[in-house]
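These notes are for a colleague opening the structure for the first time. Please read them with the sequence and the coordinates side by side.

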Amino acid sequence: MEKPLREGVGHRRAAAFVVCLALSFSFTGMFYAALSADQLNMWELVRVVLLFVSTLWLAWGGATALLGLLYGRAVRELEGNPQYLPAGETAILMPVYHEDAAEVAARLAAMMDDLRAKNATHVFHWHVLSDSRNDEIAAQEEQVVRALVTRYSEQVIYYRRREDNHGRKAGNVAEFVRRCGGAYRYMVVLDADSLMRADTLVHMVERMEAEPNLGLLQTVPMLVGLKSYFGRSLMFASGMFGRAFASGLAAMQGECGPFWGHNAIIRTRAFAASCGLPELDDTAAFSGHILSHDSVEAVLLARAGWQVECDPRITGSYEAAPENILGYAARDRRWCQGNLQHSRVLGARGLTPWGRLSLALGIMSYLSSPVWAAFLLASLFSPLDLPVLQAYTFQNHLPVLGHLPVSAVYEGGALLFGVIALLVLPKTLVVLKEVFSGSEATSRKGVLGGFVELISSAIFAPVLMAFQCRSVFEVLMGRDSGWTNAHRDAGQLPLLECIRGVWWVSAVGAVSIGLSWIGAASLWLWVMPVALPMLLAPFIIWASSCNLGNSAAERLGFVLSSDQKGAASLLTRVEKYSADLRV
């Protein structure tokens with residue numbers, strides 16, 4: 001059985017760090033040289049520091065994608081014989097909280113049908129673990145589970161609703177481990193929107209059986225079943241770029257891989273012995289239960305000596321996502337709080353160096369937006385010649401890197417080009433690889449889809465950046481995100497709701513455009529790509545929430561990967577069973 005890349009991890013990590021530092025120092029050095037040709041004040045020094053941090057983060061993403069292209073391997077053919085697997089020693093957990101009961105049951109039914117066809121029903125027991133507080137929703141959950149029990153009498157299906165949802169999802173899984181974990185060697189953890197093929201589930205159990213030190217095996221879920229323009233764009237990006245970036249991540253992580261909280265299999269004994277989570281004590285947002293518990297559980301398993309691996313070659317693992325930007329931002333707000341809580345865990349004793357770094361990278365994934373926004377604001381205020389900003393100069397204390405007679409137009413243009421290159425080049429390389437490895441028809445559509453996705457993500461990015469900046473600010477101010485469902489509903493949003501939800505984003509965009517004109521009109525070169533989408537945020541969110549039919553999506557090049565196409569039969573069953581259960 002071919003194993004993921006485990007040798008040479010240190011060299012790949014070192015290469016990634018060298019590439020990141022070289023690119024960031026190059027961009028920042030050129031920018032500093034341009035500024036130091038004139039009098040360098042404190043405000044401009046702040047810009048240099050912020051640019052270094054921002055480009056370092058962008059370069060890290062580029063290095064990850066490059067490693068994925070260099071070390072990524074073809075997806076594996078999942079063939080196995082469930083006859084030789086231990087019967088009834090793998091639990092499949094479906095934690096739910098105020099979900100659409102019929103939709104959840106339909107997804108379970110689709111997977112049960114697939115296991116029945118694979119003759120693998122004896123391997124797994126199903127556990128629906130409810131944290132729902134609403135009695136009506138809980139009654140619906142019990143009703144659909146009874147229907148599943150009747151329909152799949154040969155399969156073992158349990159339903160349990162907790163009286164106290166202490167610890168949220170992490171507490172739900174932890175209670176299962178305490179109550180029932182001793183009965184199972186392994187547990188497959190799902191989300192309410194997860195789908196997995198029978199071959200994938202069987203293969204994961206086989207891997208755990210073959211590798212006794214493997215504590216957790218994480219798949220790379222592909223997005224499927226989304227209908228809106230925003231959802232189709234996410235789905236295309238997942239299929240086109242997701243596996244390449246995950247391959248780069250896996251190439252660097254080796255046996256200290258990630259856990260994303262779902263579509264993974266865990267050795268129950270290892271989890272029970274290693275993954276007890278603390279309850280934090282601090283301000284409201286940093287206290288209580290860790291929302292992004294999965295990343296912490298991964299580093300705790302690695303601390304205890306268990307292998308934690310992400311294998312991007314495994315196919316047949318799927319999930320859904322919010323269909324519009326407002327729902328996406330609401331889910332991201334909870335993740336933001338959870339990732340920032342990791343700052344309280346970084347100093348825990350015994351963590352591996354890579355474990356600490358992975359937690360720090362998760363924190364930086366949210367701090368990068370305010371850092372980039374701060375750089376933009378500093379650039380807008382710098383030309384205003386405000387006395388308080390020009391009070392300190394460093395011309396006689398800092399080195400001058402030559403004399404670059406550059407205009408503000410050149411400076412803004414060069415900076416914009418460099419940032420765009422860091423953002424676009426990794427995706428471009430992935431598209432080119434798909435072009436040369438796929439069929440001619442698929443290649444043409446993939447190039448078109450890649451171009452459309454690049455434009456779409458460039459338009460969505462400033463709006464999402466604004467939401468992330470607000471999320472970080474709220475967390476630092478001590479505001480708890482609460483616990484809501486995942487906002488997966490499809491359907492176009494009303495324009496008025498979009499305006500009410502993001503009027504403040506439009507206001508920030510309008511102010512930014514005004515400041516760029518007052519300070520230096522040449523700043524428009526790189527302010528407008530950010531400020532204009534923010535100004536038009538309500539209309540962007542409204543338009544991107546509309547449903548996009550299959551034919552229209554194909555004309556735009558939003559073709560599915562071969563793995564995503566493999567979910568078609570499962571999704572067809574989900575739609576059928578969901579309709580039947582609602583009758």
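1. A helix here is a DSSP run of H or I with at least four residues, and helices are numbered from the N terminus. W503 sits in one of these, helix α14, which covers residues 495-519. The model is a predicted one.

2. Overall content. The protein has 19 helices and ten strands. It has 583 residues, of which 54% count as buried. Of the contacts between residues at least 6 apart in sequence, 86% join residues at least 24 apart.

3. W503 again. Is this tryptophan buried or exposed? W503 is exposed, because its relative accessible area is 55% and the cut-off for exposed is over 50%. Its C-alpha atom is separated by 9.4 Å from that of M534, a residue 31 places away along the chain.

4. Helix α7. This helix runs over residues 229-253, 25 in number. From first C-alpha to last it reaches 34 Å, close to the 36 Å expected at 1.5 Å a residue. A bend of about 50° occurs at F241. Since 21 of its 25 residues are buried, α7 is largely enclosed by the rest of the structure. The helix is followed by G254, which has a positive phi, near 60°.

5. Helix α6. The 13 residues of α6, 198-210, should span 18 Å at 1.5 Å a residue, and the end C-alpha atoms are indeed 18 Å apart. Ten of the 13 are buried, so this helix too is largely enclosed by the rest of the structure. The buried residues of α6 are A198, T200, L201, V202, H203, M204, V205, E206, R207 and M208. Charged residues appear in that list: E206 and R207 are buried, and Glu and Arg count as charged.

6. D114 and its contacts. D114 belongs to helix α3. With a relative accessible area of 16%, D114 is buried, the limit for that being under 20%. Which residues does D114 touch, not counting those up to four places away in sequence? They are R197, A198, L570 and R573. A198 is also among the buried residues of α6. R573 lies 459 residues from D114 along the chain, yet the two C-alpha atoms are separated by 10.0 Å.

7. Positive phi away from glycine. Most residues other than glycine have a negative phi. N119 has a positive phi of about 60° although it is not a glycine. N119 lies in the loop between α3 and β2, the latter being residues 124-130. N119 is exposed, with a relative accessible area of 59%. R168 likewise has a positive phi of about 60° without being a glycine. The place of R168 is in helix α5, residues 168-180.

8. Cavities. How many cavities of 30 Å³ or more does the structure hold? There are three. The second largest has a volume of about 70 Å³. Its lining is made up of V96, E99, A101, V104, A105, L108, V128, E141, V144, V145 and L148. The elements that give two or more residues to this lining are α3 (101-118) and α4 (135-151). By class, the lining residues divide into nine nonpolar, no polar and two charged. The charged pair is E99 and E141.

Note on methods: Residues are numbered from 1 along each chain as its sequence is written. This is a predicted model: local features need pLDDT of at least 70, side-chain atom pairs count only at pLDDT 80 or more; totals for chains, interfaces and linings use all residues. Side-chain values use heavy atoms; hydrogens and water are left out. On a 1 Å grid over the protein atoms alone, a cavity is a set of points where a 1.4 Å probe fits but cannot get out, and a pocket is an open set with protein on both sides within 12 Å along at least five of seven lines; lining residues have an atom within 4 Å of a point. Grid points are joined across faces, edges and corners, and a volume is the space filled by probe spheres set on the points. The expected span of a helix is 1.5 Å times one less than its number of residues. The bend at a residue is the angle between axes fitted to the seven residues ending there and the seven starting there. Buried means under 20% relative accessible area, exposed over 50%, partly exposed in between (1.4 Å probe, protein chains only). Contact means heavy atoms within 4.5 Å.
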